[in-house]
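Reader: I should like to understand how the descriptive terms applied to this structure are justified. Please set each value against its definition.

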Amino acid sequence: MASVLRRTAIVLSTVLVGIPCWTGPARAGSIPHDRVVSDNPANVTPNVVSDTVVPAPAVFALGKRSDTIYAGGSFRTVSDAAGVTTVQRHNVVAFNATSGAISSFAPVFDGEVWAIASWKSALYVGGTFSSVNGVARQ
């Protein structure tokens, strides 16, 4: 997997930033089910919302660590599942996998996030950004 991440980093001019995070994707067939999965498995997932800065928001990457889901992409506004509460997030949002509650985790990426991966206690984020929290990253 490391070689895939390195190639992705070169192709995307990726910046990797270590932040505590995600354990990796499940392999196909690795999660047993005792019944057929519902057409509507969850009603708690937050939504990226269009706004004046990003009129066509999108999520390009997902990651999970423990009970937290990380989503990266191109967005500035995220709402709870009910659409009642909105928060500002700069291309990365974290939320509880069970409840959907949006986390206070709010780094500011100045460009799109295309990849999320983890190793041990670090979250690696790649994309077409040049700074994180105002600090230049190459």
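Author: A residue counts as buried under 20% relative accessible area, as exposed over 50%, and as partly exposed in between. The model to which this is applied is a predicted one.

Reader: What makes Phe60 count as partly exposed?

Author: Phe60 has a relative accessibility of 32%. Partly exposed covers the range between 20% and 50%, so Phe60 is placed in that class. Trp114, at 35%, is likewise partly exposed.

Reader: Why is the aromatic pair of Phe60 and Trp114 called stacked?

Author: Ring centres must lie within 6.5 Å for a pair, and planes under 30 degrees apart count as stacked. For Phe60 and Trp114 the centres are 3.9 Å apart and the angle between the planes is 0 degrees; both criteria are therefore met. Phe60 belongs to strand β2 and Trp114 to strand β7, so the pair ties together parts 54 residues apart in sequence.

Reader: What makes the pair of Phe109 and Phe129 edge-to-face?

Author: Planes over 60 degrees apart count as edge-to-face. The planes of Phe109 and Phe129 stand at 75 degrees, with the ring centres 4.8 Å apart, so the pair receives that name. Both residues are buried.

Reader: Why is one side of β1 and of β5 left without a neighbour in the sheet?

Author: The three strands form an open, antiparallel sheet in the order β1-β4-β5. β1 (47–49) and β5 (86–88) stand at its edges with a single partner strand each, so one side of each has no neighbour there.

Reader: How do you know that β1 and β4 pair?

Author: Pairing requires at least two bridges, and β1 and β4 have three, in the antiparallel sense. Val48 stands opposite Val78 in β4.

How values were computed: Residues numbered from 1 in each chain as written. Predicted model: local features only at pLDDT ≥ 70, side-chain atom pairs only at ≥ 80, totals over all residues. Heavy atoms only, no water. Helix = DSSP H or I, 4+ residues; strand = E, 2+ residues; numbered from the N terminus. Phe/Tyr/Trp six-rings, centres within 6.5 Å; stacked < 30°, edge-to-face > 60°. Buried < 20%, exposed > 50% of the residue type's maximum accessible area, 1.4 Å probe, protein only.
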